Amino acid sequence: MKDPAEGRLSFTEMFDLPVAVDLRTAARALGICSTTAYRLIRKDEFPCPVLRVGGRYRISTNELMRALGIEDGPLYSVDLKLDADGPGAGF
């Protein structure tokens, strides 16, 4: 049996996702197989809101990231507060 976490999306890949993703992509991000994802939807226990568009499921990337505990605010490689007091702060 294939490990469900195999092929899991990385943290940086999460920020490259479109506004909404299909169920398989959401399942990958959560580290579960698509069969488990469908089962959770049927039981109304999927960890974030699911939209049904025609015959397909779509999940908001923002809601998916929130379910994973990833803040949707901008990320910086340096702490801007510390950098403002550092060398060259007056430029």
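Trainee: In which sense do strand β1 and β3 pair, and over how many bridges?

Mentor: Strands of a sheet pair through backbone hydrogen bonds, either parallel or antiparallel. Here strand β1 (residues 20-22) and β3 pair in the antiparallel sense over three bridges, and S60 in β3 is the bridge partner of A20. Strands (E, at least two residues) and helices (H or I, at least four) are DSSP runs numbered from the N terminus; two strands pair if DSSP finds at least two bridges between them. This is a predicted model, in which local features need pLDDT of at least 70, side-chain atom pairs count only at pLDDT 80 or more, and totals for chains, interfaces and linings use all residues. Residues are numbered from 1 along each chain as its sequence is written, and side-chain values use heavy atoms, with hydrogens and water left out.

Trainee: What joins β2 and β3?

Mentor: They form a hairpin with two residues between them, and G54 in the turn has a positive phi of about 65°. Strand β2 (residues 51-53) pairs with β3 in the antiparallel sense over three bridges; R52 has Y57 as its bridge partner in β3.

Trainee: What is the strand order of the sheet?

Mentor: The order is β1-β3-β2 in an open sheet of three strands with antiparallel pairing. The edge strands are β1 and β2, each pairing on one side only.

Trainee: Which side chains of β3 are buried?

Mentor: In a regular strand the side chains alternate between the two faces of the sheet. Along β3 (residues 56-60), Y57 and I59 point to one face and are buried, meaning under 20% relative accessible area (1.4 Å probe, protein chains only; exposed is over 50%, partly exposed in between). R56, R58 and S60 point to the other face and are not buried.
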